[in-house]
Amino acid sequence: MSDTDTDHAVLWTRGLRKHYGQGEGLVRAVDGVDLDVARGETVAVMGPSGCGKSTLLHLLGGLDRPSGGEVWLAGRRIDGIGERALARVRRREVGFVFQAFHLMDELTAVENVELPALLGGRSAGTARRRAVDLLDRVGLADRAGFLPAALSGGQRQRVAIARALSNEPLVLFADEPTGNLDSASTLDVLRLFDHLHEAGQTLVIVTHDARIAATADRLIAMRDGQFVEETRLTGGSTGRLSALVGLEG
Amino acid sequence: MGRILLVARIAGRDLRRRPAEAALLLLAITAATTTLTLGLVLHDVASDPYRRTREATAGPDVVASLSPDPLGSQPGDLGELEALADLPGVVDHSGPYPVTGAVLEAGGQLATAQVEGRDPSVAAVDQPQLTQGSWVEDGGVVIEAALADALGVRAGDRIDLNDRSFPVVGVAVTAATPPYPSLSPTGTAENPLQYCPLPSPSPCDEPNGADGGPTPELIGALRRVDAEHPGVVWVTQADARRLVPQADSLSYVMNLRLDDPASAPAFVAGHLPSGLSAGPPGATIPEVVALRSWQQIRDEFAGDLKSNEQEVLLIGSRLLSLLAVASVAVLVGGRMADQTRRVGLLKAVGGTPGLVAVVLLAEYVVVALLAAAAGLAVGWGIAPVLVDTGAGLLGGAGAPSLTTSTVGTVAAMALGVAVAATFVPAVRAARTSTVRALADSARAPRRTAWLVAISARLPVPLLLGLRMAARRPRRVLLAVISIAITVSGIVAALVAHADAQLGDDRGSSIMNERLDQMLLVIMVTLVALAAVNAIFITWATALDARHSSALSRALGATPHQVSAGLAVAQVLPALAGALLGIPGGLALVAAVSGEDTANPPLGQLLAVVPVTVLVVIALTAIPVRIGARRPAADVLRAELA
């Protein structure tokens, strides 16, 4: 289990559970997870399909409600708060990057990026300036006026990352961010996450991609809704990382 | 043959797979076909009681009347009227009977009456059929049934005719004149003498109350009576003569029977005042003699229904068919989005684009044909119930005859609705690439750049709502059209009602009450269909926007903001439709009536807009709430699956 002190953690959970169905059909998607994420830390969660990684991410980011346990974000418990307050958390404290990008097809890149700021009540001008700046940071300033359909997969994901950063979130959650990308695009996204990590952005990444996982401070292996292995990669690798991600030999 | 069976099997199974949608489709088209059927068969239905009354009363084929010379005080030449009985083709007659106008007062109510002097014996032609009491006797009157009904008079009551009191000995119906009140108002406020009873002289001709006649106040009241023909009161000939100050001011009527009743219009046309061939060669009927065929009398009754209820129904059926197109288009659009994968599967197993289009069209054609049959059956069944022929004729409304033309028109309308609404989606589905269809990817939304730019400056609910609406402009257009049609219908009904209120003041309340009932039926159907449309459209929008709504929530929008956005996406088209519907309704009335009509109060018209918006908000509240509350994580996960 993590040795991070909750006093320094920006995000932590205790006994987090998410169950679906009942009786014999009961599915324990997340089953008693304790997690502490320190400010500026990058945590990668890996595991086979259906092990509960994405569900965990949704619970951490307030997209879904747990069946039990606690979720604390920035010193505030968020698992039992109202929908309005939860929306405020999603708007101000967290950002999401999805495998399927989830860009709005009818909006241009810059319009997609400015959307969270507009939902957060910022003025149109401020939101636009911030969006242009973010697109510049992800190397897509020249694609600001393009619709998602006119962008490559990697470019779309970079737009999605820029959008997730729009409200300067405390924690950025990424769910299989390279799952739909080719190798070249994956490298682009990897570099981006690396830059974010260096800039002190707190990141929680669910991934199958060992290269993404390798950029993390900690790697957590998950199976059947539970954490089964945890590896600190920064200044204390257990040596099991290579085995876990298939980079051995 | 195998291909037809295949199409029938696939289409039939798909309909059975979604029975609720099929039922709603059936309902929407049936509403339109029923109204159209009613509009088409009403004339037949209304004509039937007249036929029965004509048979029971030995109704005349031609009614001839003689009025005193309007240019002078010379009495009409009765011999000229009697000469008509000798014309070729005339096989029998009754009369001439003396006739005079009179003011009738019963229980404090006033009416104009045409008092006809009859023999106590049975006439060979036009012997009114008693529905109460007995036939005329000296000092006792018989009142035409519709007039008695309007005044609430029964046999045994007393009435005053020109201030002379008479007991009512009987109530009867006749086919020699349309029942009281005439359903076609004539005259205007500027020309009130047209309201006075014919034939002359009427009390209106003596407005000073001379000779103990009606007072000016009474005349004023009578001039508001909006009836082309007064009610008929039968008295003995002696009593009729006693009601006028001078015998030469009497008019006369004579009822003729022809050897060929169908030739009555030709008989009338051939013996018009200027071209007569009756009596001695070269003689002409003077202009004070008027002839009317039984067909004219029948059409005055049934034809008036045509110009009122039937007109309302035919307009209503057109409005309803337009709404039905909108309903079907929304339903089909929603189903097509759901059927993309099915289309892909059909194509993947070898179905041609043509087969795909035919299968999709076949489903709706089947529903349309069923709706046509249902509409014909329901319309045929309820037409006699809707048509209150009043007390002036024998029996209720008859069963309408469904002619080939009626069946064809109704079926064509139903098919037209189905094909108009499904053709584009069916062709679009047929053209979709198989791979794309199998992937079940949603149709790309439209981008309206200026709307996106404007909405960025608006509060979050408006931002979300405008963008949701802008994604599917065709659906928004359907919503606008749907509301505009409904509001047009409501405004037209308000105008018709205001006009009817004016008519009530002129004394045609029975007709207007019937018209109001008909308008209510149309309005309820219009509003019901529009409500179904609003719910369909909201549901389709919520389904279509589920991804963007979930994403908005993932990015920080509250469920309330998403709900409000979805509501805004419904309210904006409703507002536009309501604003368009007001001039639309006024234009509709102007186009149909072709004359000045009374406008409803401005406040009433303006209230239509907020009421429409509130109704749309109420109707769409549940689908909006359900659409906005679905957990964002579930939707985003499903999109990935």
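The dialogue below works through the contact between two chains, a buried helix, the salt bridges and the aromatic pairs of a predicted model.

User: Which conventions should I keep in mind before reading any values?

Analyst: This is a predicted model, in which local features need pLDDT of at least 70, side-chain atom pairs count only at pLDDT 80 or more, and totals for chains, interfaces and linings use all residues. Residues are numbered from 1 along each chain as its sequence is written, chains are lettered from A and ligands numbered from 1 in the order in which they are written, and side-chain values use heavy atoms, with hydrogens and water left out.

User: What area do chain B and chain A bury between them?

Analyst: The size of an interface is often given as the accessible area lost when the parts come together. Buried area is the accessible area (1.4 Å probe) that two parts lose on being put together, summed over both. Here chain B and chain A bury about 2,700 Å², with 64% of it on carbon and sulfur atoms. In terms of contact, meaning heavy atoms within 4.5 Å, 30 residues come from chain B and 29 residues from chain A.

User: How many salt bridges does the rule find across this interface?

Analyst: A salt bridge is a side-chain nitrogen of Lys or Arg within 4 Å of a carboxyl oxygen of Asp or Glu. Three are found across the interface of chain B and chain A, and A:Glu83 forms a salt bridge with B:Arg553, with the closest N and O atoms 3.0 Å apart. On the side of chain B that touches chain A, the elements giving two or more residues are helix H13 (460-471), helix H16 (546-554), helix H17 (559-593) and helix H19 (632-640) of chain B, where helices (H or I, at least four residues) and strands (E, at least two) are DSSP runs numbered from the N terminus.

User: Is helix H3 of chain A buried or exposed?

Analyst: Buried means under 20% relative accessible area, exposed over 50%, and partly exposed in between (1.4 Å probe, protein chains only). In helix H3 (residues 109-119) of chain A, 11 of the 11 residues are buried, so the helix is largely enclosed by the rest of the structure. Its buried residues pack against helix H2 (83-92), helix H4 (124-137) and helix H5 (153-164) of chain A, together with helix H12 (449-455), H13 and H16 of chain B. After H3(A) comes A:Gly121, whose phi is positive, near 90 degrees.

User: Which parts of chain A does the salt bridge of A:Glu41 and A:Arg218 tie together?

Analyst: Over all chains the count comes to 21 salt bridges, among them that of A:Glu41 and A:Arg218 (2.5 Å, N to O). A:Glu41 lies in the loop between strand S2 (27-38) and strand S3 (42-46) of chain A, and A:Arg218 in strand S9 (residues 218-223) of chain A, so the pair ties together parts that are 177 residues apart in sequence. Both A:Glu41 and A:Arg218 are buried, and a network of salt bridges links them with A:Glu230 and A:Arg232.

User: How many aromatic pairs are there over all chains?

Analyst: Rings of Phe, Tyr and Trp (its six-membered ring) pair if their centres lie within 6.5 Å, and planes under 30 degrees apart count as stacked, over 60 as edge-to-face and the rest as tilted. The search finds four aromatic pairs, including the stacked pair of A:Phe96 and A:Phe98, at 5.7 Å centre to centre and 10 degrees between the planes. Both A:Phe96 and A:Phe98 are buried. In chain B, the ring centres of B:Trp135 and B:Trp234 are 5.9 Å apart and their planes stand at 50 degrees, so this pair is tilted.
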